[in-house]
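Here are a few notes to go with your first look at this structure. They are meant to be read with the view open beside them.

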Amino acid sequence: MIESSKTTRRERMLPLAVGVAAVLLAACASTPPAPTESLLAARTAIATAEKADAGRYAAPELGAAREKLTAANGAVEMKNMSGAQRLAEQSRVSADLAAAKTERAKATAVNDEMKKSNDALVEEMQRKTGSQP
């Protein structure tokens, strides 16, 4: 009878142990790791945009990138890793957009300056040819 009560106790404990193990595994699996690569990519993209002077040419986009990175870091602190991943990616895209708009603005300024120089050269040439007898 003692043998039988040990077996019964083991039989009752086995499902309980399996259930506890399953709950522990589910708890571990429910929080994915922090999106460190995406956060780093966002920080790098923001730094690149800042070096390109995006604060001058694309301030709204650069501001949005910074805000989304801050929100992504907050999501990591709250253990919302999927939200942090999404926000970090949005931050990187906003920073890339800021950098692209900055480069476009700079290229447009150079193009405008070249047009002015070209117009000045054409005007000078016309004056010289027009003043000759």
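1. Let us begin with lysine 79, which counts as exposed because its relative accessibility is 56%, over the 50% cut-off. Keep in mind that this is a predicted model. Lysine 79 sits in the loop between H4 and H5. Its backbone is worth a look too: lysine 79 has a positive phi of about 65° although it is not a glycine.

2. Aspartate 53 also has a positive phi, of about 75°, and it is not a glycine either. You will find aspartate 53 in the loop between H2 and helix H3 (54–57). Is this residue buried, exposed or partly exposed? With a relative accessible area of 32%, aspartate 53 is partly exposed, because that value falls between the 20% and 50% limits.

3. Now step back to the whole chain. The secondary structure comes to 5 helices and 0 strands, so the pattern along the sequence reads α-α-α-α-α. Of the 133 residues in the chain, 21% are buried. The chain exposes about 9,800 Å², and carbon and sulfur atoms supply 61% of that area. Taking the contacts with a separation of 6 or more, 73% are between residues 24 or more positions apart.

4. Where do nonpolar side chains tend to go in soluble globular proteins? They tend to be buried together. In this model, the largest nonpolar core has 20 residues, and those with the most contacts inside it are Leu39, Ile46, Ala49, Leu62 and Ala98. Helix H2 (36–51), helix H4 (59–77) and helix H5 (81–131) each supply at least two residues of this core. H5 gives the most, with 7 residues.

5. Leucine 62 is a good place to zoom in on that core, being one of the residues with the most contacts inside it. Leaving aside neighbours within four places in sequence, leucine 62 is in contact with Ile46, Ala49, Glu50, Ala54, Gly55 and Ala98.

6. Next, the pairing of H2 and H4. Two packed helices are described by the angle between their axes and the distance between the axes. H2 and H4 pack at an angle of about 155°, with their axes 10 Å apart. The two helices are therefore roughly antiparallel to each other, since angles over 145 degrees count as such. H2 passes H4 in a left-handed crossing. On the H2 side the contact is made by Leu39, Ala42, Arg43, Ile46, Ala49 and Glu50, while H4 brings Leu62, Ala65, Arg66, Leu69, Ala72, Asn73 and Val76.

7. Valine 76, in helix H4, deserves its own point. At 19% relative accessibility it counts as buried, because the limit for buried is under 20%. Apart from neighbours within four places in sequence, valine 76 is in contact with Ala34, Pro35, Leu39, Met81 and Ala84. Valine 76 and proline 33 are 43 residues apart in sequence and 9.2 Å apart in space, C-alpha to C-alpha.

8. Finally, have a look at serine 94 in helix H5. Serine 94 counts as buried because its relative accessibility is 10%. Which residues is serine 94 in contact with, leaving aside its neighbours within four places in sequence? They are Glu61, Ala64, Ala65 and Lys68. Ala65 has already appeared in these notes, as one of the H4 residues in the contact with H2.

Key: Residues numbered from 1 in each chain as written. Predicted model: local features only at pLDDT ≥ 70, side-chain atom pairs only at ≥ 80, totals over all residues. Heavy atoms only, no water. Core = buried A, V, L, I, M, F, W, Y, C linked by side-chain atoms within 4.5 Å. Buried < 20%, exposed > 50% of the residue type's maximum accessible area, 1.4 Å probe, protein only. Helix = DSSP H or I, 4+ residues; strand = E, 2+ residues; numbered from the N terminus. Contact = heavy atoms within 4.5 Å. Areas by Shrake-Rupley, 256 points an atom, 1.4 Å probe, with all protein chains shown as cover. Axes fitted to C-alpha atoms, helices over the stretch in contact; angles between N-to-C directions. Parallel < 35°, antiparallel > 145°, perpendicular 65-115°, else oblique. Left-handed = near helix turned anticlockwise from the far one by under 90°.
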